[in-house]
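Hi,

Here is the structure I said I would pass on. Have a look at it, and then read on for my notes.

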Amino acid sequence: LFECIAGFGLGGSSIAMFGRVGGGIYTKAADVGADLAGKVVENLPEDDPHNPGTIADNVGDNVGDVAGMGSDLFGSFGEASCAALLGGASSPMIVAAGWGALMFPLALSGVGILVCMATSFVATDLMPVRDEKGIESALKMQLLVSTLLMTPCVYALAVTLLPAATCGMCVGGFVVGGVCSSPLKAFFCVGFGLWGGCVIGFVTEYYTSFSYTPVQEVANACRTGAATNIIYGLALGYKSAIVPVFLLSLIVYGAHTLAGFYGIALAALGMLATLATCLTIDVYGPVCDNAGGIAEMCELHPSVREKTDALDAAGNTTAAIGKGFAIGSACLVGLALFGALV
């Protein structure tokens with residue numbers, strides 16, 4: 001029956017490709033088209049009601065950033081779960097330990113949803129946003145709080161569900177793919193992915209937020225013309241990938257050392273454990289962008305547009321954090337699936 005789960009992950013991936021690629025191209029085409037027709041040719045302000053392209057622009061945000069990103073991360077989630085379940089089923093000790101040990105990957109995902117639900121109360125009740133400066137820090141706090149709350153939950157699940165009996169080669173737990181592992185090692189594998197994802201999120205935020213020097217330097221480069229802007233932006237894009245690449249390499253090495261390919265699948269699930277919070281702050285950008293468009297098209301007071309612009313600026317950064325998670329988890333899932341296939 002576990003072989004049937006592979007089809008589930010494949011279905012998620014195929015729809016993600018259309019949602020991500022098709023939606024992304026539509027988003028950018030609509031955005032650039034609306035700007036060229038309105039701002040450049042007719043000298044109209046952004047989202048002006050006289051420009052019909054603004055409606056396509058607002059729809060495009062939903063298609064690319066919401067549907068595309070959601071389907072992409074859903075595909076990664078399905079495949080990571082599939083790889084971890086297959087990895088666990090290949091170990092006689094985990095199978096002998098019963099249904100709970102086999103379902104450990106799904107238990108992680110389930111607890112992750114509950115943790116993310118609890119995290120949402122931090123922004124709504126405990127630390128609500130009071131001014132424009134607090135928007136970005138509140139969104140970052142969500143990511144950190146969900147990761148902090150998830151860590152002890154992962155430990156409790158690993159110790160409770162996974163077998164900790166003595167096996168032939170080692171004292172501690174179970175053998176997966178020739179690697180002797182234990183509940184504590186499995187916890188570390190999930191922890192690597194969980195905290196690695198959090199760090200990747202913060203690195204992405206540093207390179208894309210208007211609050212830090214990289215984006216400010218790109219803005220400064222615009223003073224000397226379009227060419228320097230493009231060159232500086234490309235250079236910054238390449239530079240921003242350095243830390244995530246090294247971090248992913250360390251996660252793969254550490255997880256494979258502790259639990260083989262099962263460990264890599266658990267690390268991918270760890271990175272996706274706080275997915276509900278990550279997707280929420282990711283979708284925040286398009287929602288605020290659309291709110292700004294509606295405010296402009298309905299000709300509301302300019303103060304409304306100022307507020308939505310401040311929210312939209314923070315939302316663009318959080319959208320980049322979601323992309324960091326999607327790419328990081330996809331790298332781990334790709335490796336984990338090779339292990340599951342073997």
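Below is what turned up, grouped by region. Please keep in mind that this is a predicted model.

**A charged residue on the inside**

Let's start with Glu79, which sits in helix H2, residues 53-89. Glu79 is buried, yet it has no salt bridge. The nearest side chain of opposite charge belongs to Arg20, and that is 12 Å away. So what does Glu79 touch, leaving aside residues up to four places away in sequence? The answer is Gly9, Ser13, Val333 and Leu337.

**A nonpolar patch and its rings**

Next, turn to helices H6 (134-161) and H7 (183-208), each of which supplies at least two residues of a nonpolar patch. The patch is on the surface and is made up of Tyr155, Val159, Leu184, Phe188 and Phe192, which together have about 450 Å² of accessible area. Which helix gives the largest share of the patch? That is H7, with three residues. Phe192 lies in helix H7 and is partly exposed, with a relative accessible area of 32%.

Some of these names come back when you look at the aromatic rings. There are five aromatic pairs in the structure. In one of them, the rings of Phe187 and Phe188 have centres 5.5 Å apart and planes at 50°, so the pair counts as tilted. The two partners differ in how they are covered: Phe187 counts as buried at 15% relative accessibility, whereas Phe188 counts as partly exposed at 38%. Tyr206 and Tyr212 also make a tilted pair, with ring centres 5.3 Å apart and planes at 45°. Here Tyr206 is partly exposed at 34% relative accessibility, and Tyr212 is partly exposed at 25%. Ring pairs also link Tyr155, Phe187, Phe188 and Phe192 into a cluster.

While you are in helix H6, you can find Leu148 there too. Leu148 is partly exposed, its relative accessible area being 46%. If you want a distance to check on screen, try the C-alpha atoms of Leu148 and Lys133: they are separated by 24 Å, and the two residues are 15 apart along the chain.

**Salt bridges**

How many salt bridges are there? The count comes to five, and here are some of them.

- Lys39 and Asp35: their side chains meet at 3.9 Å, N to O. The two residues are four apart in helix H1 (residues 2-41), so about one helical turn separates them. Lys39 is partly exposed, with a relative accessible area of 35%, and Asp35 is partly exposed as well, with 22%.
- Glu205 and Lys140: this salt bridge has an N to O distance of 3.7 Å. The pair links distant parts of the chain, with Glu205 in helix H7 and Lys140 in helix H6, 65 residues apart. Glu205 counts as buried, at 3% relative accessibility.
- Arg305 and Glu296: these side chains meet at 3.9 Å, N to O. Arg305 counts as buried at 15% relative accessibility, while Glu296 is partly exposed, with a relative accessible area of 22%. Salt bridges that share partners join Glu296, Arg305 and Asp309 into one network.

**Two backbone angles in loops**

Last, a word on phi. Most residues other than glycine have a negative phi. Where does Asn43 sit? Asn43 is in the loop between H1 and H2, and its phi is near 60°, a positive value in a residue other than glycine. Asn43 counts as exposed, at 66% relative accessibility.

Glu299 is another case: its phi is positive, about 55°, although it is not a glycine. You will find Glu299 in the loop between helix H11 (275-297) and helix H12 (302-341). Is Glu299 buried or exposed? At 60% relative accessibility, Glu299 counts as exposed.

If you only have a few minutes, I'd open the view at Glu79, which is buried without a salt bridge, and then move over to the nonpolar patch to which H6 and H7 both contribute.

Cheers

Conventions: Residues are numbered from 1 along each chain as its sequence is written. This is a predicted model: local features need pLDDT of at least 70, side-chain atom pairs count only at pLDDT 80 or more; totals for chains, interfaces and linings use all residues. Side-chain values use heavy atoms; hydrogens and water are left out. Buried means under 20% relative accessible area, exposed over 50%, partly exposed in between (1.4 Å probe, protein chains only). Lys and Arg count as positive and Asp and Glu as negative; His and the chain ends are not counted. A salt bridge is a side-chain nitrogen of Lys or Arg within 4 Å of a carboxyl oxygen of Asp or Glu. Contact means heavy atoms within 4.5 Å. Patches are made of residues with over 30% relative accessible area and no salt bridge: like charges are joined within 9 Å, nonpolar side chains (Val, Leu, Ile, Met, Phe, Trp, Tyr) within 5 Å. Accessible areas come from the Shrake-Rupley method with a 1.4 Å probe; for residues, only the protein chains shown count as cover. Rings of Phe, Tyr and Trp (its six-membered ring) pair if their centres lie within 6.5 Å; planes under 30 degrees apart count as stacked, over 60 as edge-to-face and the rest as tilted.
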